[in-house]
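Open the structure in your viewer and keep the selection tool ready. We will go through it one stop at a time.

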Amino acid sequence: MRSKSWILAAGIGLAFLGGCQSSSPPKPEEMARTSLQTAPADLQLICANAAAGTAQVDSSKVLPTSSRQLDAASYSVDLDAGGRKFNCIVDSNGSVKSVQPAA
Amino acid sequence: MTRTRKLGLVMLAAGLCFGPPAALAQTQIYDARTKKWVNYDKKKARQYYARNNQLPEAFRRQVVPFRTAEKPGTIIIDGNQHFLYLVQPGGQAIRYGIGVGREGFGWAGIVRVGRTAEWPTWTPPPEMVARDANAAKWAAGMPGGPDNPLGARALYLYEGDQDTIYRIHGTVEPWTIGLDVSSGCIRLNNDDVTDLHSRVEVGAKVIVLMQGAALYKGV
């Protein structure tokens with residue numbers, strides 16, 4: 001009986017692993033990545049545009065300087081707006097959640 | 001600009017654009033055959049190109065969704081992810097794979113295309129001339145052509161009216177696309193830089209994103 005339970009548990013584990021391996025491949029445009037996990041370029045620029053409004057500076061003077069993924073659906077972007085530092089949170093749909101002066 | 005200053009800029013630009021490779025961050029590509037992510041370095045890149053005679057799928061030219069307020073014709077360079085985007089109407093961009101500056105040579109900023117050239121001349125920097133007999137014979141400038149390190153086209157990046165000495169150019173080493181290989185120039189394979197050159201106007205805005213940049217231009 002005990003060995004049957006062990007076999008069942010092992011079977012569930014193997015089934016899980018098999019499920020992981022057969023997960024769908026990334027889309028062609030997503031078949032490269034780096035260890036940095038920066039925000040997609042368009043999301044960084046959406047934040048730059050939002051920060052330009054908050055900082056009241058020309059958007060051509062706002063540059064994203066770093067970014068990171070916060071969770072599966074959002075990113076944090078650090079920005080320089082004419083020498084002033086801002087932080088922006090944006091979700092993967094391009095919706096800006098917040099823009100605040102960096103501490 | 002005096003001839004001496006022009007020559008100095010050319011030398012500096014040539015020195016900036018070519019140098020030994022080193023990695024900024026680990027790049028990986030998805031291997032559809034094994035269904036696994038694999039590290040992508042210079043050795044792997046050479047092997048891949050020799051086997052397939054083309055770049056991994058992600059670094060090939062393709063149209064992708066791109067949400068931006070920037071106007072069509074704007075160039076956006078994501079140095080960390082090794083992509084150059086040319087903004088198109090309708091929330092799209094043409095994406096090209098690129099090679100960028102190695103560690104310590106990455107830069108970021110907002111600049112513009114000051115001028116362009118077809119089959120540009122390359123002038124090796126003095127230190128390369130001193131150590132490399134092959135480069136020495138081109139000390140006065142190597143005419144454009146299929147063996148020229150600048151490749152088929154060059155877009156010269158300016159900050160206002162000043163040449164930044166950085167360029168977007170082609171390459172004779174197409175396998176280096178997707179890697180951190182240069183001293184600050186942005187390289188595309190020759191087909192891609194020719195396509196980009198045909199679509200870009202002098203004066204186009206160029207936004208360069210690079211986390212960990214050693215230098216900022218135009219901001």
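The tour below starts with one whole chain, then visits a strand, a contact between chains and a helix.

**Stop 1: chain B as a whole.** Bear in mind that you are looking at a predicted model. Select chain B and switch on the cartoon view: its secondary structure comes to five helices and 14 strands. Of its 219 residues, 47% are buried. Among the contacts in chain B with a separation of 6 or more, 69% are between residues 24 or more positions apart.

**Stop 2: strand β4 of chain B.** Now select residues 75-78 of chain B, which form strand β4. Are its two faces covered or not? Show the side chains: Ile75(B) and Ile77(B) lie on one side, Ile76(B) and Asp78(B) lie on the other, and all of these are buried.

**Stop 3: the partners of β4(B).** Add residues 83-88 of chain B, strand β5, which pairs with β4(B) in the antiparallel sense over four bridges. To find one spot on this pairing, click on Asp78(B), whose bridge partner in β5(B) is Phe83(B). The two strands form a hairpin with four residues between them. In the turn, pick out His82(B), which has a positive phi of about 65 degrees.

Next, add residues 205-209 of chain B, strand β13, which runs parallel to β4(B) and is joined to it by four bridges. Here Ile76(B) stands opposite Ile207(B).

**Stop 4: where the chains touch.** Bring chain A back into view. The contact takes 27 residues from chain A and 32 residues from chain B. On the side of chain A that touches chain B, the elements giving two or more residues are β1 (32-34), α2 (41-55) and β2 (62-71). Which of them gives the most? It is α2(A), with six residues. Colour this side of chain A by residue type and you will find eleven nonpolar, eleven polar and five charged residues.

Zoom in on β1(A) and on residues 27-31 of chain B, strand β1: three bridges join these strands, which run antiparallel. Thr34(A) stands opposite Thr27(B) there.

**Stop 5: helix α2 of chain A.** Finish by selecting α2(A), where twelve of the 15 residues are buried. Among them are Leu43(A), Leu45(A), Ile46(A) and Cys47(A). Try the distance tool between its end C-alpha atoms: they are 21 Å apart, which agrees with the 21 Å that 15 residues should span at 1.5 Å a residue. Just after the helix, look for Gln56(A), which takes a positive phi of about 55 degrees.

Conventions. Residues numbered from 1 in each chain as written. Chains lettered and ligands numbered in written order. Predicted model: local features only at pLDDT ≥ 70, side-chain atom pairs only at ≥ 80, totals over all residues. Buried ≥ 20, exposed ≤ 12 C-beta atoms within 10 Å, placed from the backbone. Contact = placed C-beta atoms within 7 Å. Pairing = 2+ DSSP bridges. Nonpolar A, V, L, I, M, F, W, Y, C, P; charged D, E, K, R; others polar. Expected span 1.5 Å × (residues − 1).
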